[in-house]
Amino acid sequence: MKAPLRNVSRSNSHRQPWRAAIAPAVLVIAIVLAILLSGSAEYGYQLNLAMLAAIGALGLNLVTGYAGQISIGAAAFLAIGAYTVVICHALPFPIPVILGGLAAAIVGIGIGIPSLRLRGLYLLFATLVLQYLVGYVTQEYDVDSGALAGHAISPPSIFGFSIVSQRAWCVTILIILLLVTLFVRNVVSGGYGRALWILRTNESAASVLGINSVRLKLQTLATSSAIIGCAGALTAYFIGFVSSDSYGLSVAISYIAMVLVGGRASVGGSIMGAFFVSLIPFGLQELSTTLSAAGAGNFIQSNAANLDNAVYAALIIVFIFFCPDGLASLVRAVKRLAVRPTKAQHDDISPQPSQVATGGSSA
Amino acid sequence: MSVGQLPVAAVYALVGVGFVFIYRTTKTLNLAQGAIAAVGAYVTYTMQSDLHVGYILAAVVGIVAAFCLSAGIYLLLMRPLLGQGPIVVVILTLAMVILLEAVIPMIWGPGPNYLMTTSWYKTTVRFSSVAITHLDLIMIVLVIILISFFAVIMRFTSLGVAMRAAAENPVLATARGVGVNMVGSLAWGFAGTLAAIAAIEYGSTQGLTASTADVLGFGAFPAIILGGIDSVAGALVGAFILAIAQGLAVLYVGGSLSEIIGYLLLLAVLLVRPRGLFGSREVVRL
């Protein structure tokens, strides 16, 4: 991608983008290997869901973290990807996923053009519109196609191998997650990333420096939507089922929770946040089985969906207050303590103000 | 037809004027408005069904509860964050929506829970071809009284001046002796009050369900953007246009489209006139 800002002096954190990506990558691969070796299908399923969520969270973080625009369109873009798969599942496997990404990117540009030329919360309004429009269209589609309960999607096959087992899925999703991680890492670490940093820090300054901020925001939204759309398409294949009910506003909020909990403008943070947030339903379920002996499990079981949502929301509130730069900033703080224990006493190890933070480039 | 949609417009107007108050005094967008209102209506429901209190008294208790909840959210959660910019604040209000919407069915069940009204409230009055209940009629009159009351407060009293000062420049306002916290929590409380009245009316006619908060908050939202986020008159006009548009959609296209007609309107406003019909020119075009 063409870097809009080649001449701005490089800030410290952008010097070694590759080294920064190693720690989260190693962590994810280690978890994946451990679960693959343990051979548990249930853990494998949860892990795959978490990795799919991580792809979506990486996409959302581009817009909300790096470009500094609030979007509550994550669920809508996931739905666009998933319904692209429903419509063209006759095509061989990777093509519907790519088409899903393309469709989401086009819709992203469509809502970005009216809203991103303005400053302020207009992308929020536009994505709220999108959320309701997509909900309406997918619902009508379900009714018209006679699939009120939803659409079944047969498992994909690539090079003659059919991807059915959790292990096969795990490998597929892991490869895609790594590719997306590297892509996002590259996008946000070069001159493009510096331009985004200036954009979210001071939009007027960005214009002064010759950045076409509208175009930059649009490009970022399109890229982000494409990634989220692909994640939605892949998830449709993975679950094997698509229904308009599963893309509500609370799904969109859960992706915002991933970005906030992990850390805005942080690649490693997006992945950590996605794992953390998407494992909450599983954790609550486990908790209810443990507690059912004590009698409290019933309450959790009968309120499962509401409790999940309550926990997402509570997490967002807690992180905004106590850890505004997310898990990524905790990792950074720990690393600083570990690397330079003597100097750490003089350093300010508290997280930087969120607006100025250069994010997880060093996480 | 337009008379029949008046009660709907009244509900949107009450919620919408609350949005405007909060925006005018604290420059924030409170997406949790509908959820706060729903809590007020559910408190009214509990007062009625468990404590067997009369309709008016139960409604007053619910309204006071919404006032306290709204002002409390401002003081405890919003105030410390106002320096952090609009993104964080709006995400926090979104989190409040999800939290309250998750907690409500845990306490009160999925519903629908109807607020009980005596037969007098349900008696209808005929205007040419349209029948309106006493309750709706009271609501419409109440909307006019309340909103003009608050508009007068905003424009002519020292409290109104303090509110506008607090929004314009909180630091300078503090230096001149304006209690910014006090003024802000009053504005949030008023907004909660107005929205709770709307929710109680809604609960008396349609019944309270898990999605009431969505219907009130996000349903009224297009009206505010349509009218202009910082204009009381805009909120009224926006609410009326939205209600009429929904009525027309039900009449000519089909019921399911009426749920999103507001959002289609919102999209059109974003394209043509992003500051809304009556909004002040604060939006910066790049």
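Biologist: What makes the radius of gyration of chain B agree with a compact globule?

Modeller: Taken over C-alpha atoms, the globule rule is 2.2 Å times the number of residues to the power 0.38. With 286 residues that gives a value near 19 Å, and chain B has 18 Å, so the two agree. Keep in mind that this is a predicted model, where local features need pLDDT of at least 70, side-chain atom pairs count only at pLDDT 80 or more, and totals for chains, interfaces and linings use all residues. Residues are numbered from 1 along each chain as its sequence is written, chains are lettered from A and ligands numbered from 1 in the order in which they are written, and side-chain values use heavy atoms, leaving out hydrogens and water.

Biologist: Why is Ile98(A) called exposed?

Modeller: Exposed means over 50% relative accessible area, buried under 20%, and partly exposed in between (1.4 Å probe, protein chains only). Ile98(A) has 52% relative accessibility, so it counts as exposed.

Biologist: Where does Ile98(A) lie?

Modeller: In helix H4 of chain A, residues 94–116; a helix here is a DSSP run (H or I) of at least four residues.

Biologist: What share of chain B is buried?

Modeller: Buried residues make up 58% of its 286 residues.

Biologist: And which residues have the most contacts inside the largest nonpolar core?

Modeller: Among them are Met51(A) and Phe221(B), in a core of 211 residues. Such a core joins buried Ala, Val, Leu, Ile, Met, Phe, Trp, Tyr and Cys residues through side-chain atoms within 4.5 Å. Met51(A) touches residues including Val32(A) and Phe275(A), a contact being heavy atoms within 4.5 Å.

Methods:
Helices (H or I, at least four residues) and strands (E, at least two) are DSSP runs, numbered from the N terminus. Lists of a residue's contacts leave out its neighbours within four places in sequence.
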